[in-house]
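Let's take a walk through this one together. Have the sequence and the 3D view open, and we'll go from one piece to the next.

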Amino acid sequence: MTETVLSIRDLTLALPKGADRAFAVEHVSYDVSEGEILCVVGESGSGKSMAANAVMGLLPKGVHATGGEIWFGGQNLLTLDERAHRSLRGLRIGMIFQEPMTALNPLMRVGAQIAEVFEAHGRHTPKERQARALALLEEVGIPQPERAIRAYPFQLSGGQRQRVMIAMALALEPELLIADEPTTALDVTTQAQILKLIRDLQQRRGMAVMFITHDFGVVAEVATRVCVMREGEIVELGEAREVLDHPRHDYTRALIDAIPNDAVPNRHHAAEAQPLLEVRHLDKVFRSRGGMLKPSREVHALDDISFTLSRGETLGIVGESGSGKSTLGRCVVRLERPDSGQLLLDGVDFTTLKGETLRRGRRRVQMIFQDPYASLNPRTRVGLAIAQGPIANGVPRDQALAKADELLELVGLGGVADRFPHEFSGGQRQRIGIARALALEPELIVADEAVSALDVSIQAQILELLERLQQTFSLSLLFITHDLRVAAQICDRLIVMQHGRIVEHGTAEAIFRTPRAAYTRELLEAIPGRDAVLASA
Amino acid sequence: MSFFARFAQNRGALIGVIILAVIIAMAALAPFLYPESPWRMVQRPFLPPLEMDGFPLGTDTMGRNVAAGLMHGAWVSLLIGFVSTSVALLIGVPLGAVAGYYGGLIDDGLMRFTEFFQTIPNFALAIVLVAIMQPSVTSIVLAIALVSWPPVARLVRAEFLSLRHREYVEAARLVGQGNATIILRQILPNTLSPIIVLASLMVATAILLESALSFLGLGDPNVMSWGYMIGAARTVIRQAWWLSFFPGVAILLTVLALNLVGEGLDDALNPKLARERS
């Protein structure tokens, strides 16, 4: 019989006045036992992280517990004072955060940061601390641990930094590890490695792990048990296989269904003889200016990229961070100037346009941005934001605003033209961004990670909207994403990029069924929950 | 929460607004309460405060009414403070905007120009400028504006540098908006809050600069100002303390009020920061 490590009983956390609901979590109860991984799943705003924060005693200002108990090691954590709580953190409860970029001190060597964990709890002599740090780095599988221990965080990749974070969390052999979205900021292949590492370490040490995530794919990959949360309440709690295969609650089912799966829709547009966009031998090199002592660095963002895109076709560009996929998109819309090569739009070279001709030519190629929060001017009413393009192109103001109303209606947001962006949710803002891109009646839309920042259920809605609009207006779509599952859902053809080069090029179906390049296979295998989803499909 | 509700949460800022309102009322009422010129000698010199009806703050070395001087001086101080700040903004904002937006050589050129002004001590430059142009309200306003615009340019440039690569700015460029429209419609409105805060503090500095110039005898000889009053009374500070005390308190309160208002504006315009601080 395994022992219960953490027991949350009837926990209620109140939000400050003026928040969108009264309680962050309401009457939440769950246990985490020795040797199991409990996944707490939910969309943004579900309160999934709040209980974990309460366990660590790190609740944000204004949020406080109004009821319930958190039992850990025979103590109720909610009644503990700050001192006693601090001695538990790190020593008996470890935590891994989402952002490996910001969770490490940029000015401290990795070894010193791990040693600091021992120091904080008064363990070992300085020399032993270094030796332990080295052993930990070895355990979390960092290549060349002797060198990594002397490295600064900026010298490590995102995945390596996350390994360092895990090493720090494990330093004092805690009984409970809390992982808050630890792989969300990572590439798929790195994510797969980190998930495997957490699973291995958990089994080797028999820890209890509380794993917070929004991704059911990740759940399928690591979870022993699952706790599904929505709006501060537990919707479903049970064994992972049970919940994944036979979800009892509608919400859980909706979440699982919303995950793009491998069933590639067989969509094949007859490629027209005359392509809308023809890209020929595009090159782009980023140079960092060298200083007196350091040599200048060159990064080949795009290396001899060629492809064509027909009218009404959706071409997906898939790659991990640093593959050059975003640079490619930015070159196509001319936010970035390629060093050499041609972009032919209906046979006209788009790369050589300048000044006023470029300003007018931009109409034909529009873009949907990744971050729905950053892509709208916070001080411009959304109606005007959409109308600005046509106004800049000489359409009378009244007419442009009326058109904006129509477009908002079209993307499912009628009668909201005089509101400001902050009054909308992420998904709604992305709809506004789409309406803005459509306002100039473009022929080609570049969508740069257009759904990556959204919750899965919203993601599915936006993809559906894009597809509908594409058919209505017979748009061509260049869909840039890091997520093969999303790409498979919407794209006719796919291009897989790595290090600025095209690795593979083919129909979505061909790439999924019979990937030729090793890298593509690696990407496909890294998709979390792939085996599990396939098994249940 | 509305802007005013947030502003009113800061009690210091409210006090600042009240003090400022009193001083503005003083400046506005001066011509009605003391229609005569404040330079006129009306009683025997060195009359202490509250000694005689109609001279609540006494008279100065020449028998002029200190209360009248204080109220007329309020008008001059406020006028110089606000006008010179506006002029400084008119120089600094466009310069910083252009430097930050275009970057590269234009930025380098404009910033070297700004640094040229920053390397000369503010006050020394102001003295030289006033001395060359002859002391008058106009020359003082210009001198103060010319020495105080560089921080504005630097602030606006920094804001533009961080905002020009925002996605909404790129989106505006993509739909074909021109550079001028992007600067004025997309970026500038988003830099307003720090500019407003800085401006409120600049008014305070300008009032201090004007007082210092007048103290040295470089004020406009035709208008009564607080700085002149302190300057004229410095030789008799031990015999007649009230001559420098009251204008000094007036300067102190005005500058304090402006700083409080500036801080209140900062809190109200950056709700995120305000919440963390409380």
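**Strands, a helix and some confidence scores**

In chain A, strand β13 (residues 314-318) runs parallel to strand β18 (residues 476-481), and 5 bridges join the two. Keep in mind as you look that this is a predicted model. To find your way along the β13(A)-β18(A) pair, look for V318(A), which stands opposite T481(A) in β18(A). β13(A) also has a parallel partner in strand β19 (residues 493-498) of chain A, joined to it by 4 bridges. There, I317(A) stands opposite I495(A) in β19(A).

So how buried is β13(A)? Count its buried residues and you get 5 of 5. In a regular strand, side chains alternate between the two faces of the sheet. Here, T314(A), G316(A) and V318(A) sit on one side, L315(A) and I317(A) on the other, and both faces are covered.

Now move to helix α7 of chain A, residues 188-205. This helix has 18 residues and reaches 26 Å from its first C-alpha to its last, close to the 26 Å expected. Which of its residues are buried? They are V188(A), T190(A), Q191(A), A192(A), I194(A), L195(A), I198(A) and Q202(A). An α-helix has 3.6 residues a turn, so residues three or four places apart point the same way. The buried residues of α7(A) pack against several elements of chain A, including β3 (37-41), α6 (158-170) and β8 (208-213). After the helix comes G206(A), with a positive phi near 65°.

Stepping back, the domain assignment splits chain A into domain 1 (4-92 + 174-257), domain 2 (103-173) and domain 3 (275-535). Taken over C-alpha atoms, the centres of domain 1 and domain 2 of chain A are 25 Å apart. Their contact takes 13 residues from domain 1 of chain A and 14 from domain 2 of chain A. Which element gives the most to the domain 1 side of that contact? That's α7(A), with 6 residues. By class, the domain 1 side has 9 nonpolar, 3 polar and 1 charged residues.

Finally, a look at confidence. Chain B has a mean pLDDT of 88, with 96% of its residues at 70 or more. Among the elements of chain B, helix α7 (residues 150-163) has the highest mean, 94, and helix α12 (residues 271-277) the lowest, 48. Over residues 274-278 of chain B the pLDDT is below 50, and this stretch has 2 contacts in the model beyond near neighbours in sequence. Where pLDDT is low, the predicted coordinates should not be read in detail. For the complex, the predictor gives an ipTM of 0.75 and a pTM of 0.79.

Notes:
Residues numbered from 1 in each chain as written. Chains lettered and ligands numbered in written order. Predicted model: local features only at pLDDT ≥ 70, side-chain atom pairs only at ≥ 80, totals over all residues. Expected span 1.5 Å × (residues − 1). Buried ≥ 20, exposed ≤ 12 C-beta atoms within 10 Å, placed from the backbone. Contact = placed C-beta atoms within 7 Å. Pairing = 2+ DSSP bridges. Domains from an automatic or database assignment. Nonpolar A, V, L, I, M, F, W, Y, C, P; charged D, E, K, R; others polar. pLDDT = per-residue confidence, 0-100.
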